[in-house]
Amino acid sequence: MSVDVKVIESLGFFKGMTYEELEQFANLLTSRSVEKGEILLKQGTPALTFFVIQSGTYKISLEHGGSYTLDTPGTVIGWSTVIGPFTYTGTAEAETSGDVLYISSHDFYQLIQNNNTLGEKIMKKINKISDEHRAKAAAGDL
C-alpha cells in the first residue's frame, strides 16, 4: 500500500529528493495509526522496520537508562534498519496516539540498491542522524 507523494514531500527526512525519488519512496511506504502505549520497536531485536513520524509523540528508551522524545513530523525511528548494528538500539513507545509511515528493511535495501543516487542521499541522511544520536549519547545528553 503506497502513500501519495504529497504526504511525504513536506516531511523533513524527504527534503532534497526529486519528485521521481519521492515517488519511488512513496510506492514502498505504508501509513498506519499508532495507539498510545504501543511499542514500535524493542531494543536488541532485529531492525526490520524503518519508521517516519507523521504525528504523535514517541519516547525512545535506551539501555543505559537514558531516554528522549520524538514528535516532529518527518523524524525517523529505527535507523538501525539500514546501518549497523542492524538491531534496534532503543525501545520506541508511543506516548500519544499518532500516525507513522513505515518501510521494511528488505524494501528499504532494494530501494537503496536500485537507485544509487537516491541511496546515497538516504544513507547520508541516516548517517548524519546516527552520528548526532551517538554524539549525544556519548555526552550523556540522551
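# Close-up views of a predicted model

**View 1. Phe-13 and its neighbours.** Leaving aside residues up to four places away in sequence, Phe-13 touches Phe-25, Phe-50, Gly-74, Val-76, Ile-122, Lys-125, Ile-126 and Ile-129. Please keep in mind that this is a predicted model. To find Phe-13, look in the loop between helix H1 (5-8) and helix H2 (19-26). Is Phe-13 buried or exposed? With a relative accessibility of 4%, Phe-13 counts as buried, because the cut-off for that word is under 20%. For a sense of scale, you can also look across to Thr-96: its C-alpha atom and that of Phe-13 are separated by 21 Å, and the two residues are 83 places apart along the chain.

**View 2. A cluster of aromatic rings.** Here Phe-13 comes back in company: Phe-13, Phe-14, Phe-25, Phe-50 and Phe-108 form one aromatic cluster. How many aromatic pairs does the structure hold? There are seven aromatic pairs in the structure. One of them joins Phe-13 and Phe-50, whose ring centres are 5.5 Å apart and whose planes meet at 55°, so this pair is tilted. The Phe-13 and Phe-50 pair links distant parts of the chain, with Phe-13 in the loop between H1 and H2, Phe-50 in strand E3, and their positions 37 residues apart. Both Phe-13 and Phe-50 are buried. Another aromatic pair, Phe-14 with Phe-25, is edge-to-face, with 5.0 Å from centre to centre and 85° between the planes. This second pair also links distant parts of the chain: Phe-14 belongs to the loop between H1 and H2, while Phe-25 sits in helix H2, 11 residues apart. Phe-14 is buried, at 1% relative accessibility, and Phe-25 is buried too, with a relative accessible area of 0%.

**View 3. The buried side of helix H2.** Stay with Phe-25 for a moment and follow the helix that holds it. Which residues of H2 are buried? They are Glu-21, Leu-22, Phe-25 and Ala-26. These residues lie on the same side of H2, because they cover an arc of only 135° around the axis. A general point helps here: an α-helix has 3.6 residues a turn, so residues three or four places apart point the same way.

**View 4. An open sheet with a helix packed on it.** Four strands make up this open sheet, in the order E1-E8-E3-E6 and with antiparallel pairing. Its edge strands are E1 (30-34) and E6 (76-77), and each of these pairs on one side only. Helix H3 (residues 105-114) packs on the sheet, where H3 touches E3 and strand E8 (98-104), and the direction of H3 makes about 65° with that of E8. Now look at E3 (residues 49-55) and E6: the two strands run antiparallel and are joined by two bridges. Within this pairing, Val-52 stands opposite Val-76 in E6. Val-76 may look familiar from the opening view, as one of the residues that Phe-13 touches.

**View 5. Asn-115, between two helices.** Where is Asn-115 placed? Asn-115 is in the loop between H3 and helix H4 (116-139). At 15% relative accessibility, Asn-115 counts as buried. A polar atom of the Asn-115 side chain lies 3.2 Å from the backbone nitrogen of Thr-117. Not counting residues up to four places away in sequence, Asn-115 touches Glu-21 and Gln-24. You have already met Glu-21, one of the buried residues of H2.

**View 6. A second open sheet.** This open sheet has four strands in the order E2-E7-E4-E5, again with antiparallel pairing. Strand E2 (39-41) and strand E5 (67-70) are the edge strands, each pairing on one side only. From one strand to the next, the twist averages 25°. Strand E4 (residues 58-62) pairs with E5 in the antiparallel sense over four bridges, and Lys-59 stands opposite Thr-69 in E5.

**View 7. The backbone around Pro-85 and Phe-86.** The last view turns to the loop between E6 and strand E7 (90-94), home of Pro-85. The peptide bond from Gly-84 to Pro-85 is cis, with omega near 20°. Phe-86 is found in the loop between E6 and E7 as well. Although Phe-86 is not a glycine, it has a positive phi of about 65°. Is Phe-86 buried or partly exposed? At 42% relative accessibility, Phe-86 counts as partly exposed.

Note on methods. Residues numbered from 1 in each chain as written. Predicted model: local features only at pLDDT ≥ 70, side-chain atom pairs only at ≥ 80, totals over all residues. Heavy atoms only, no water. Pairing = 2+ DSSP bridges. Contact = heavy atoms within 4.5 Å. Axes fitted to C-alpha atoms, helices over the stretch in contact; angles between N-to-C directions. Buried < 20%, exposed > 50% of the residue type's maximum accessible area, 1.4 Å probe, protein only. Polar contact = N/O pair within 3.5 Å; in protein donor to acceptor, adjacent residues only side chain to side chain. Arc of directions from axis to C-beta. Phe/Tyr/Trp six-rings, centres within 6.5 Å; stacked < 30°, edge-to-face > 60°.
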